[in-house]
Amino acid sequence: MKKSKDGKRIDRQIKNGRIQNGNSRLFISHLPTDEQMKDLIAETGCGVESIEFSMASSLDRLPESICAYEKRLEFMGNPECIFHGPFLDLNPMAFDSMVLEATRVRYEQCYQAAKALGVKQITYHTCYLPRIYMLIGWADRVVDFYNRFLEGKEGIRILMENVQDPEIDPILEVADRITHPDFGLCLDTGHAHCYSNYPADEWARRLGSHVKHIHIHDNDGTFDSHLALGEGTVPTENALTTVYANTPDATCTIECSYEESVRKSVEWLEHAVILP
């Protein structure tokens with residue numbers, strides 16, 4: 001059992017064991033500094049969702065980046081680690097063959113880093129941009145991309161996350177049509193709340209057991225502000241209840257930028273009633 005800095009015994013289980021720290025259930029996004037992450041991990045026993053290999057600068061020098069991040073994980077206490085994949089300037093449904101190839105290469109580099117570091121889960125964005133791309137044919141192209149990307153791969157879960165997506169059905173169609181056992185969805189409740197007209201718990205209900213991972217943070221519905229849980233209007237508790245009713249072994253990441261926001265979110269989870 002882990003202990004906090006003051007030596008107190010930590011026994012954090014989020015209501016009924018539906019979310020628990022350690023053993024790859026509850027994670028913290030690596031947005032705070034390494035020093036802050038070290039403290040948070042020691043205090044909570046959470047794992048880390050790395051954003052290191054979402055950045056082109058890290059992917060451009062992949063062998064060095066892998067070695068460097070392995071040392072950073074060691075500094076943070078060797079927590080369980082999952083990845084957030086690259087997304088800037090990329091698009092898995094791109095019509096331009098060069099953009100599509102750049103997306104494939106960056107996704108593959110992240111995948112290779114995950115293999116090297118023993119990471120078992122990567123989340124990639126849908127990369128859909130409203131008012132720029134039409135949804136007609138979108139699912140067809142995304143399904144084709146992931147089927148090609150997943151060919152010959154196994155052992156690392158690949159998830160697709162909603163971001164600026166206004167509609168649920170296209171994402172659900174992709175999840176229904178991709179039969180690879182390692183493919184699933186990541187539901188970002190904050191994104192659903194401010195970028196769509198459907199509440200986050202409706203997203204959770206409609207996407208059902210396809211949701212294998214969930215990103216949680218708060219906002220007031222107007223801006224993707226990544227506030228601490230309880231500081232906005234996202235129906236997080238209802239969404240979590242639905243996700244864990246459909247997928248009891250789903251993982252979860254607190255996605256807040258600041259150390260204290262993470263602490264407040266962990267405390268919020270401890271008092272939430274998350275039951276199937």
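This tour moves through a predicted model of one protein chain, naming at each stop what to select and what is found there.

**The whole chain**

Begin with the full chain in cartoon view, where the secondary structure comes to 10 helices and 10 strands. Of the 276 residues in the protein chain, 54% are buried, and the accessible surface comes to about 12600 Å², with 49% of that area belonging to carbon and sulfur atoms. If you draw the contacts with a separation of 6 or more, residues 24 or more positions apart account for 73% of them.

**Helix 3 and the loop after it**

Next select residues 62–75, which form helix 3; its 14 residues reach 20 Å from the first C-alpha to the last, close to the 20 Å expected at 1.5 Å a residue. Colour L62, S65, I66, Y69 and L73, which are the buried residues to look for in this helix. Looking down the axis, you will find that the buried residues of helix 3 fall within an arc of 100°, so they line one face of the helix. Turn the view to the face directed away from that buried side, and the exposed residues P63, K71 and E74 come into sight. To see what covers the buried residues, add the surrounding elements, including strand 4 (47–50), helix 2 (56–59), strand 5 (81–84) and helix 4.

While helix 3 is displayed, show the side chains of K38 and F75: the charged end of K38 sits over the ring of F75, at 4.5 Å from the ring centre. Then step to G77, just after helix 3, where phi is positive at about 105°. Select N78 as well, which is found in the loop between helix 3 and strand 5. Its phi is near 55°, a positive value in a residue other than glycine, and that deserves a second look because most residues other than glycine have a negative phi. N78 counts as exposed, since its relative accessibility is 56%.

A second residue to compare is C127, in the loop between strand 6 (121–125) and helix 5. The phi of C127 is near 65°, again a positive value in a residue other than glycine. Is C127 buried or exposed? At 11% relative accessibility, C127 counts as buried, whereas N78 counts as exposed.

**The aromatic cluster**

Now show the aromatic side chains, among which the structure holds 12 aromatic pairs. Select Y107 and F145, an edge-to-face pair with 5.4 Å from centre to centre and 90° between the planes. This pair links distant parts of the chain, for Y107 belongs to helix 4 (residues 97–117) and F145 to helix 5 (residues 138–150), 38 residues apart. Both Y107 and F145 are buried.

Keep F145 selected and add F149, whose ring centre lies 6.2 Å from that of F145 with the planes at 10°, so this pair is stacked. F145 and F149 are four residues apart in helix 5, and are therefore separated by about one helical turn; both of them are buried. Widen the selection to Y107, Y111, Y124, F145, Y146, F149 and F183, which form one aromatic cluster. Finally add K153, whose charged end sits over the ring of F149, 4.3 Å from its centre.

**Helix 9 and T236**

Move on to helix 9 (residues 236–246) and select T236, A239, L240, V243 and Y244, which are buried. These residues cover an arc of only 120° around the axis, which puts them on the same side of helix 9.

Within this helix, centre the view on T236, which is buried because its relative accessible area is 2%, under the 20% cut-off for that class. Which residues does T236 touch, not counting those up to four places away in sequence? They are I216, H217, L229 and W268. A C-alpha to C-alpha distance drawn from T236 to P199, 37 residues apart along the chain, reads 9.7 Å.

**Helix 10**

The last stop is helix 10 (residues 259–271), where 13 residues reach 19 Å from the first C-alpha to the last, close to the 18 Å expected at 1.5 Å a residue. Colour E259, S261, V262, R263, S265, V266 and L269 to see residues of helix 10 that are buried.

Terms used:
Residues are numbered from 1 along each chain as its sequence is written. This is a predicted model: local features need pLDDT of at least 70, side-chain atom pairs count only at pLDDT 80 or more; totals for chains, interfaces and linings use all residues. Side-chain values use heavy atoms; hydrogens and water are left out. Rings of Phe, Tyr and Trp (its six-membered ring) pair if their centres lie within 6.5 Å; planes under 30 degrees apart count as stacked, over 60 as edge-to-face and the rest as tilted. Helices (H or I, at least four residues) and strands (E, at least two) are DSSP runs, numbered from the N terminus. Buried means under 20% relative accessible area, exposed over 50%, partly exposed in between (1.4 Å probe, protein chains only). A charge sits over a ring if NZ of Lys or CZ of Arg is within 6 Å of the ring centre and within 35 degrees of the ring normal. The arc is that of the directions from the helix axis to the C-beta atoms. Contact means heavy atoms within 4.5 Å. Accessible areas come from the Shrake-Rupley method with a 1.4 Å probe; for residues, only the protein chains shown count as cover. The expected span of a helix is 1.5 Å times one less than its number of residues.
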